Amino acid sequence: MHLRNALRAATALSLIMVGAAQAETITIATVNNGDMIRMQGYTDDFTAKTGHEVEWVTLEENVLRQRVTTDITTKGGQFDIMTIGMYETPIWGANGWLVPLDDLSAEYDVDDILPAMRGGLSHDGTLYAAPFYGESSMIMYRTDLMEKAGLEMPEAPTWQFIREAAAAMDDPANDINGICLRGKAGWGEGGAFITVTANSFGARWFDEEWMPQFDQPEWKAALDFYVNLMNDYGPEGYATNGFNENLSLFQQGKCGMWIDATVAASFVTNPNDSTVADHVGFALAPNAEGVEKRSNWLWAWALAIPAGTQKEEAAKAFIEWATSKDYIELVAAKEGWANVPPGARTSLYETPEYQDVPFAKMTLDSINAADPTNPTVDPVPYVGIQFVAIPEFAGMATEVSQEFSAAYAGQQTVDEALAKAQAIATEVMEAAGYR
Amino acid sequence: MARAVSPRRKLINTGLAWAIGLLIFFPILWTILTSFKTEAQAIASPPLFLGFDWTLENYGVVMERSDYGRFLMNSIIIAGGSTILGLIVAVPAAWSMAFVPSRRTKDILLWMLSTKMLPAVGVLYPIYLLFIQLGLLDSRAGLVIVMMLINLPIIVWMLYTYFREIPVEILEAARMDGATLKEEVLYILTPMAVPGIASTMLLNFILAWNEAFWTLNLTAVDAAPLTAFIASYSSPEGLFFAKLSAASTMAIAPILILGWFSQKQLVRGLTFGAVK
Amino acid sequence: MATKASRSAARLMMAPAVILLLGWMLVPLIMTLWFSFRTYLPLRGGDQGWTGFDNYVRFVSSSAFWPAVQTTLLIVLGVLVITVCLGILLAILLDQPMWGQGVVRILVIAPFFVMPTVSALVWKNMFMDPVNGLLAHLWRFFGAEPVSWLSDASLQSIIMIVSWQWLPFATLILLTAIQSLDSEQLEAAEMDGAPVLKRFFYIILPHLSRAITIVILIQTIFLLAIFAEIFVTTGGAFGTRTLSYLIFQRVLESQNVGLGSAGGVYAIILANIVAIFLMRIVGKNLDT
C-alpha cells in the first residue's frame, strides 16, 4: 500500500516533469505589421500541433528594435524568439548571439527559401534567422492616370521616364501628385529609399577602403534628381512621409506613382482600404540611364532564436511552423492567396493559385533583381543594399538621413546636406576604427 | 468663491471658458470620435465629424488582438503600487522635514528633486544590467520600485508642503497630552493631511501611469502596462488611425475617468506649497 | 521646539527616503561615470577597456552637441513661457463664476491624463499631417497653403504639443493659488475702480509668484527630459534633437554606451546649471 502510493506519486511526478519538458510557453517579440498580427491569430494551430503555448510581445518597429537589441546585447533572456531584419541577422549571427538554424527538419525544406533571402539572413553560410516574409521594392502606379496621360509604363523603366510620367500625371487641381516617395528621416525609412536611389545612379556608401563617398558626383546626381522630382511633382511635406503616409496617400488616390516595398501591393489592391484598388499596375524599380543597378532593395522580417534560451526546442518548433509551407497554405485556405506572407519561399511562386495574384510575378522579379552581396556598380566592402551590415550603420544612417530630410524640407541645400553626411560618416568610421 | 456678478458677465465667462475648454479638449475628443470610424473614414477628406457610420469594429479588433485586461491590470498595479509604496516612504520623511526642520532641510529637498535630472536613456544599460542581476526584468515588483523611486522626490515635496500648512500648535497640544510620535502621526497629522495625501496620490498615479520609457524597456509580457499596449498599435504597416484611436481611448479612458471624479480634489489639492 | 529625541526620530523617519534616493541616484550615476570612461560597444563585443576622456571629447566635439543644447533650452523656455502665460489667464478665467465650471475644468485638465506617446501620435497623424491632418484641412478651408508642421515649423510644433500636455498642470496649480486669493481684497480694489490691468499687476501677479515658481521648477525638471514627443514626431530631424535625444541616438541607435554615458554626464551638468540658474532667479520665492 505504502509502496504503491509512493510509486503512484513518482509516476505522477515524472509525468508532470515530462509534460513540463514538452509543453512550454515561449515568448516571442515581434513587429506590429499585418502579417505578424495575422500569425498571432493562428497561434492556436501551433499550440494544437505541438502543445507549446506562445506569449506575444508586439511592438512598433522602432521600439521593437530598441527593445530586442538591449536584451540581446546584455543577455537579458527576455525572449525565446525575436523578430529581426536582414540588417541585424548577420551582425548578431557573427557575434554568436543567435542559435544557428542548421538542423531544421527535412520536411521544412530549407532549400525552398528564396536564395536572396537565405543569403541575406546567413553569416558565413549558416542560416541564423528564418524569413517570415520578404520584400523588395517596386513601382506601383495608377493605370487609369497613366492611360489618361497617354503613356505606357515599361516593365523596367528608367528614372528619366519616371520623371516624364510624374510630370504628365501631376494634377494639383484634382489633388493628384505625380509621384509619392519616402523622405522621412530614419535609416529604415527615407534613408533606405535614398540609398537605393543612389545605388541606381552608380553611387555607394563606402569605397573599398571604407572611405565615405558622399563627396562623389554620383551621390549629388542622385540627391539632386530626387529633390527636383519631389519638389516638382511630390506631395506637400514629403520630407516627413514614410511608408505609412505614402500608403494612405496612394490609397486615397492622391499619387500617380509610388515606389516602395512590394508588400504594399496587397494593401493598395485591397478594395476595403483602397479607393484605387482596381487601377494599380506594377513595374520594376527604376534605374538611371546607363546604370546597371536598379533601385530595388531587399528586406526580410525573420524569426531568430537568441543563444542561451532555455526553450530552444520549442522555439525551433515555432519557427518551423510559422515559416513553413503549411502555414502559407493555412492562411491561403482561410483568407485567400493574396494575404499569405510573401517573398520567403520559392514554392509559393510556383503555386498556380498564387501566380494569379496580380503582384506576385513583379514581387518575385524584384526580389530576384536584388543582390545584397553585390549592391552597387562599383565594388564595396559591405553586404546589404539599402543598408550596410555593420553595427555602426543604423545610428550613422539615421543622422545622415536627417540631414537629407532637412534638405528635402528646403532647410539646407543638397550640397550642404552631402557635406554634413560626409562629415558624419567620416567621424563615425574613424571612431569605430575602420580608418 | 461665488462672487456676485452680473448675469451678462457670467454669460461671457461661461462662453469664453467653454470655448477654450473645448478647444483644449478637442484633440482627445477627435481621438475618441476617430475610434468609432472605419480606417477609410478616419482619413476621409474632408474630415468627417459626426456624419459617419459609427462602428465598434476597432474596439473588437483591439480586444481580439491584445489582452487588454492584463495590460490594464499591470498599469493599475504599477501605478497604484508605486504610489502606495512611495507614500509609505515619503510620509515619515516629509513629516520630519516639516516639523523638525534643520538647516539642511531645504538642501535635501532640492537635492531630491535634482535626482530626477539624470536622463533616463543614459542609464538604460546600467539599470538593465542591474535588473538582470537582481532578476527583476519584466516583474511588476521591479517596475513598482523604479516608478516609486522616480516619483519619490515629487511625493516628498508635495507632502512636505501640505504638512507645513498644518498648525504646529495642534501638535504641541497633543504632545502635552502625552501623545506618542506614532499616535501623533496616525491620529492627528494623517487626518489633517488627508486632502494633501489624496492629491499627492492622484498626481503620482497619473505620472506613473503615463511613464513610457522604463515601463516599455524593462518589461516583456508579465509586467507590460498600457504604454506597451499602445506601442503595439502605433505605426504598423498599413492604415491604423482608427485602431490607434481605439487603443488610445482604451489606454487613457481609465485615468480620464479617475480624473473626472477627482477633479475637485485635484483643483484644491495641487498646491505644492504655492498657497501661503 | 524640537527636542533631541524628536530630532533623532526625525532623522530615522527621513532615512528610508534619503537612502533610497541616494541609492537611486548613486548607483546609476556611478555606473554612468564608469561606462563614460570606457569603450563600451554592445554590438562589438561589449566593454573593451579604459579610454580616458575620449568619450567626453568626442561627445562635445560632435557637430550635433551645441545645437542639441540650444534645442533643449529653447524647448524648455518656449514651453515654460507658453504654459505660464496661458496658465495664468486660464486660471483667472476658470476662477470666475460661470455655468458648468466643473465640466470646463475637466476639459482643460484632460490633456494631462494623456500619455505623452499617445498625444504625440495623435498630434502628428491626425492634426499636423500636411495632407490628411485636420490643421491642413482647416488651412485649405480658408484658402491657405497647408503647413508642413513637423518639417517647416518643427521646433514650434514640438513646443506646441508639449505645451498642450503641460498647460493643465500649470493651470491647476495657478488656479489653486488664485482661489486662495482674498476675494475681499480684489473686490475692494474693484470697487475703488482700479483698472483691470492694475488689479492684475498689483494684486494677482504678486500673489501668484510662488505658484509660478513652483510651476517653473517642476516643469523644468520634466521638460529637460522630454523624449517620447520627439521620438514619435520627428525622430530628432529638422533641428529638434535635444540633448537627451542625442544621448538616445548614441546609446541605442549607434550602440555606443560609452559615448552615450559621457553624454549623460553632460546632461546632468546642464540640468544642474539650469537648476542653479533657476534657484538664483526664483529660489527666493521658495523660502518656506
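Helix α6 of chain B is followed by G135(B), whose phi is positive, near 65°. In this predicted model, the helix itself spans residues 124-134, and its buried residues are L124(B), Y125(B), P126(B), I127(B) and F131(B). A useful reminder here is that an α-helix has 3.6 residues a turn, so residues three or four places apart point the same way. A comparable glycine is found just after α8(B), where G178(B) takes a positive phi of about 85°. Helix α8 of chain B, residues 168-176, has nine residues and the number buried is zero, so this helix lies largely in the open.

These two helices belong to a chain built from 13 helices and zero strands. Read from the N terminus on, the elements of chain B accordingly run as an uninterrupted series of α. The C-alpha atoms of chain B fill a box of roughly 70 × 65 × 30 Å along the principal axes. Of the 276 residues in chain B, 50% are buried. Sequence-distant pairs feature strongly in the contacts of chain B: among those between residues at least 6 apart in sequence, 81% join residues at least 24 apart. The domain assignment of chain B gives domain 1 (7-60) and domain 2 (67-232), and the centres of these two domains, taken over C-alpha atoms, are separated by 35 Å.

Further along chain B, L244(B) offers a handy local example, lying in helix α12, residues 241-261. L244(B) counts as buried because 27 C-beta neighbours fall inside 10 Å, the cut-off for a buried residue being 20 or more. Leaving aside residues up to four places away in sequence, L244(B) touches Y233(B) and S234(B) of its own chain, together with L121(C) from chain C. L244(B) and S35(B) are 209 residues apart in sequence, yet the C-alpha atoms of the pair are 7.5 Å apart in space.

The contact between chains C and B can then be viewed as a whole, with 84 residues of chain C in contact with 82 residues of chain B. Helix α1 of chain C, residues 4-36, provides the largest share of the side of chain C that touches chain B, namely 19 residues. By class, that side of chain C has 61 nonpolar, 19 polar and four charged residues.

Chain B also meets chain A, in a contact that takes 26 residues from chain A and 25 residues from chain B. On the side of chain A that touches chain B, the elements giving two or more residues are α2 (34-41), β2 (53-59), α4 (61-73) and α11 (243-251) of chain A. This side of chain A comprises nine nonpolar, 13 polar and four charged residues.

Within chain A, the domain assignment gives two domains, each in two segments: domain 1 (23-135 + 298-355) and domain 2 (137-296 + 372-431). Their centres, again taken over C-alpha atoms, are separated by 28 Å. Twelve residues of domain 1 of chain A are in contact with twelve residues of domain 2 of chain A. At least two residues each of the domain 1 side of this contact are supplied by α5 (88-94), α6 (115-120) and β6 (130-142) of chain A. The residues on that side of domain 1 of chain A divide into seven nonpolar, four polar and one charged.

Definitions and conventions:
Residues are numbered from 1 along each chain as its sequence is written. Chains are lettered from A and ligands numbered from 1 in the order in which they are written. This is a predicted model: local features need pLDDT of at least 70, side-chain atom pairs count only at pLDDT 80 or more; totals for chains, interfaces and linings use all residues. Two residues are in contact if their C-beta atoms, placed from the backbone, lie within 7 Å. Helices (H or I, at least four residues) and strands (E, at least two) are DSSP runs, numbered from the N terminus. Ala, Val, Leu, Ile, Met, Phe, Trp, Tyr, Cys and Pro count as nonpolar, Asp, Glu, Lys and Arg as charged, and the others, Gly among them, as polar. A residue is buried if 20 or more other C-beta atoms lie within 10 Å of its own, exposed if 12 or fewer, and partly exposed in between; C-beta atoms are placed from the backbone. Domain bounds come from an automatic or database domain assignment.
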